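Biologist: I am new to this one. Please show me the model, and then let me ask about it.

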Amino acid sequence: MDEIRKNYHKHLDEIRQELVRISARVTESIPKATNVLLDQDLNAAEAMIVADDEIDARSVEVEDNCIRVLALQAPVAGDLRQVVAALKISAELERTADLVVNICKAARRIYGHELDPKLRGLVLKMSEQARALMSEATSAYLDLDAARAAAIDDMDSFLDDLQRQFIQAIFESHAAARIDLQVAIQMAVVARFYERIGDHAVNVGEKVRYVVTGWLPEHTGAARHHERVSKDPTPIGLPKADEA
Amino acid sequence: MIQVQAVQPERTAESSVVFSVRDLNVFYGEFRAVRDASFDINENEITAFIGPSGCGKTTVLRCLNRMNDFIESARVEGKVQYHGVDLYDPQINSNEVRRRIGMVFQKPNPFPKSIFENVAYGAKLSGRFSKTEINEVVENALRQAALWDEVKDRLKASALGLSGGQQQRLCIARCIAVKPDVILMDEPCSALDPIATARIEDLMQEIKKDFSIIIVTHNMQQAARVSDRTAFFTTEINPESDRRTGVLVEIDSTRKIFSMPSDERTELYVTGRFG
């Protein structure tokens with residue numbers, strides 16, 4: 001039988017394709033920002049900060065399109081999951097792009113300070129791992145590949161380890177008086193930015209799984225809350241009647 | 001003679017099933033219109049039947065109050081149990097079946113009588129009510145059908161003077177007046193404008209605490225809006241005869257059908273990828 005809502009489904013595909021393009025662009029910007037940071041290239045930093053406005057504009061447009069589909073087409077089943085996921089993925093990408101900008105801004109703050117080779121090496125590793133995670137998330141979303149999306153969570157633990165190693169290395173550099181306290185703090189925050197990019201990639205992967213299978217992440221906090229409430233319905237923080 | 005009313009369903013988890021249908025096959029002469037449908041309908045829920053034209057949803061609906069009895073060539077096979085009683089037992093009084101299991105049709109079909117007479121008709125026919133009681137029955141039914149305030153000052157006026165939406169609510173009131181247990185609705189809103197449709201949909205939510213409702217609708221959004229459970233039917237084409245037979249694909253909570261249906265065919269239909 002014939003497909004009967006061709007234009008509507010074409011529109012849904014276009015929303016996903018635009019998000020994949022944004023995602024690819026954000027992915028490419030991660031190593032660029034790292035170069036900006038390590039080379040302390042302030043002109044390039046400025047250019048990247050300005051370029052983020054375009055990502056903001058494009059994600060707003062995607063969200064606008066999603067809202068239009070929700071309002072006018074009443075999507076259901078797989079289509080509904082596509083639109084809901086697109087809204088959330090758009091927010092994840094926009095936030096990731098902001099983190100990339102933050103890395104560029106950090107380049108300004110550490111300007112004129114040399115990093116020791118060990119720290120530089122770890123920054124490159126974190127950058128490469130964050131890029132790889134976003135790249136996987138982008139591919140999984142492009143192909144709607146739930147298995148690939150599910151693997152991103154495991155990959156992320158490697159980035160978390162790198163961040164911990166980096167913090168340790170900062171302590172060592174500081175103890176050996178090879179780094180200023182101000183720069184040390186800036187770099188600790190930068191490590192956090194890379195680590196957060198990994199988290200956003202994991203979130204994109206979760207949304208891909210939701211589109212394909214309807215799977216929702218088991219929010220461990222929510223699960224703990226439900227278990228607590230089932231045992232003791234008293235709201236947390238309020239004394240029970242007999243204790244009051 | 002066995003009367004359906006002899007069965008008093010107990011309100012246990014098990015008896016919350018109103019209809020239990022197993023391996024239902026419906027034939028018109030040699031032609032099989034519906035094949036092997038099995039499903040349960042729960043009490044005080046709204047169940048929607050959706051599917052493309054010719055999928056057998058109306059045919060199945062009409063089996064549930066033996067409306068197919070009126071079609072000479074129609075033959076029903078399989079089990080249709082109503083509160084555990086076989087509806088097609090030859091000893092069952094089919095008039096009593098249709099009192100307990102009322103029906104509202106696509107086009108409002110009031111009698112060419114007064115508003116009052118339309119609603120009082122069934123109650124009078126039953127001979128169970130005094131004149132004062134009938135007044136009460138009519139008022140209650142019209143109130144339940146959310147029509148009372150609009151017609152209370154012109155009960156003696158012809159029902160044909162009402163708007164389409166009012167006529168349809170009048171038909172619902174007429175159905176309610178004989179105190180049924182189930183209301184079957186065959187595309188009750190397809191002849192109505194959006195406001196009148198919204199009124200009927202709202203009314204369905206109001207009255208589902210007192211009745212079990214099954215609605216056949218072409219409007220998927222209506223099924224999504226009003227129903228608790230949705231059954232999706234589709235057609236199978238016999239390659240030899242090129243004739244279409246209706247099959248039940250799945251029945252599940254409406255939320256599931258419209259967010260994560262189990263069967264690929266349901267997904268394709270509700271998202272408009274085939275129709």
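Biologist: How many residues of chain B are in contact with chain A?
Modeller: This is a predicted model, where local features need pLDDT of at least 70, side-chain atom pairs count only at pLDDT 80 or more, and totals for chains, interfaces and linings use all residues. Residues are numbered from 1 along each chain as its sequence is written, with chains lettered from A and ligands numbered from 1 in the order in which they are written. Contact means C-beta atoms, placed from the backbone, within 7 Å. Twelve residues of chain A are met by residues of chain B numbering 13.

Biologist: Which elements give two or more residues to that side of chain B?
Modeller: Helices (H or I, at least four residues) and strands (E, at least two) are DSSP runs, numbered from the N terminus. The elements are helix 8 (220-226), helix 9 (254-259) and helix 10 (264-270) of chain B.

Biologist: Is Asp160(A) buried or exposed?
Modeller: Buried takes 20 or more other C-beta atoms within 10 Å, exposed 12 or fewer, and partly exposed lies in between; C-beta atoms are placed from the backbone. Asp160(A) sits in helix 5 (residues 146-175) of chain A. It has 13 such atoms, so Asp160(A) is partly exposed.

Biologist: How many residues of helix 7 of chain A are buried?
Modeller: Helix 7 of chain A has twelve residues and is hardly covered. Its buried count is zero.

Biologist: What is the bridge partner of Gly102(B) in strand 7 of chain B?
Modeller: Strands pair if DSSP finds at least two bridges between them. Four bridges join strand 6 of chain B to strand 7 (residues 182-186) of chain B, and the two run parallel. Gly102(B) is bridged to Ile183(B).

Notes: Two residues are in contact if their C-beta atoms, placed from the backbone, lie within 7 Å.
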